[in-house]
Amino acid sequence: MSVPHTLLALLSDKPAHGYALKTRFESGTADAWPLNVGQVYSTLSRLERDGLVEATTTPDEEQIWKITTQGRRVLDEWFQTPVLGSPPSRNELAIKILIAVTAQRHDVTDIIRTQRTATMEQLQKFTKHKQQASKTDDLPRQLAIDALILKAEAELRWLELCELRVKKSKRKQV
């Protein structure tokens, strides 16, 4: 996730102060990705240093940020650039299972089953959130929940494949 680009996108709608950006980000991502307010302000400072945003003070002495022309160009480029998924080497679950298979010190099937249970619980939670979100016109929340549901479903499919391959491998060893 690119916090700087996300903040630029939020600022492209209207100027805002840091806490408002944090709140809008979390709301827009169905609260799936909490954002530390300190991270927001440090990122805004770097964006200002790079000429992508500028800070102004309201009559109430509140500091707000707005996107610059250069910031809009960077944001447009980000939106036009495809996001390529990271390989499994960056996925903690994949690493855990691959190392468990390699080290042969833990029952991989138990690891897979434990993960499957946790992922199923997450999927159920996301499905409940989707039902609630479908009652509103909050499109960003609906899309974020859809992404979480599909990711959980894909993980369940992958875990099933892992379990089948582990069982097949054990049969070959006997």
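What share of the contacts in the protein between residues at least 6 apart in sequence join residues at least 24 apart? It is 52%, where contact means heavy atoms within 4.5 Å.

A few notes on the rest follow.

1. **Ground rules.** This is a predicted model, in which local features need pLDDT of at least 70 and side-chain atom pairs count only at pLDDT 80 or more, while totals for chains, interfaces and linings use all residues. Residues are numbered from 1 along each chain as its sequence is written, and side-chain values use heavy atoms, with hydrogens and water left out.

2. **Overall layout.** The protein has 7 helices and 2 strands, in the order α-α-α-β-β-α-α-α-α from the N terminus. Helices (H or I, at least four residues) and strands (E, at least two) are DSSP runs, numbered from the N terminus. The radius of gyration is 21 Å, well over the 16 Å that the globule rule gives for 174 residues, so the protein is more spread out than a compact globule. That radius is taken over C-alpha atoms, and the rule is 2.2 Å times the number of residues to the power 0.38. Along the principal axes, the C-alpha atoms fill a box of roughly 75 × 40 × 30 Å. Buried residues make up 31% of the 174 residues; buried means under 20% relative accessible area, exposed over 50%, and partly exposed in between (1.4 Å probe, protein chains only).

3. **α6 against α7.** Two packed helices are described by the angle between their axes and the distance between the axes. For helix α6 (residues 108-133) and helix α7 (residues 139-173), the axes come within 9 Å and cross at roughly 160 degrees. That makes α6 roughly antiparallel to α7. Axes here are lines fitted to C-alpha atoms, for helices over the stretch in contact, and angles run from 0 to 180 degrees between N-to-C directions. On the naming, angles under 35 degrees count as roughly parallel, over 145 as roughly antiparallel, 65 to 115 as roughly perpendicular and the rest as oblique. The crossing of α6 past α7 is left-handed, a label used if the near helix is turned anticlockwise from the far one by less than a right angle (right-handed if clockwise). The residues of this contact divide into 14 nonpolar, 6 polar and 11 charged. Ala, Val, Leu, Ile, Met, Phe, Trp, Tyr, Cys and Pro count as nonpolar, Asp, Glu, Lys and Arg as charged, and the others, Gly among them, as polar.

4. **α1 against α2.** Helix α1 (residues 3-13) packs on helix α2 (residues 18-28) at about 105 degrees, with the axes 10 Å apart. The two are therefore roughly perpendicular to each other. From α1, Thr-6, Leu-7, Leu-10, Leu-11 and Asp-13 meet Leu-21, Arg-24 and Phe-25 in α2. By type, that contact has 5 nonpolar, 1 polar and 2 charged residues.

5. **α1 against α4.** α1 also packs with helix α4 (residues 69-80), at an angle of about 115 degrees and with axes 10 Å apart. This crossing is left-handed. On the α1 side the contact uses His-5, Thr-6, Leu-8, Ala-9 and Ser-12, and on the α4 side Gly-71, Arg-72, Val-74, Leu-75, Trp-78 and Phe-79. The split is 6 nonpolar, 4 polar and 1 charged.

6. **The β1–β2 loop.** Most residues other than glycine have a negative phi. Glu-61 has a positive phi of about 70 degrees although it is not a glycine, so have a look at it. Glu-61 lies in the loop between β1 (53-57) and β2 (63-67) and counts as exposed at 68% relative accessibility. Asp-60 is in the loop between β1 and β2 as well, and is exposed at 67%. The C-alpha atoms of Asp-60 and Gly-85 are separated by 44 Å, with their positions 25 residues apart along the chain.7. **Thr-57 and Ile-145.** Thr-57 is in strand β1 and is exposed, with a relative accessible area of 55%. Leaving out residues up to four places away in sequence, Thr-57 touches Glu-62 and Gln-63. Thr-57 and His-17 are 40 residues apart in sequence and 9.7 Å apart in space, C-alpha to C-alpha. Ile-145, in helix α7, is buried at 3% relative accessibility. Ile-145 and Trp-33 are 112 residues apart in sequence, with 11 Å from C-alpha to C-alpha.
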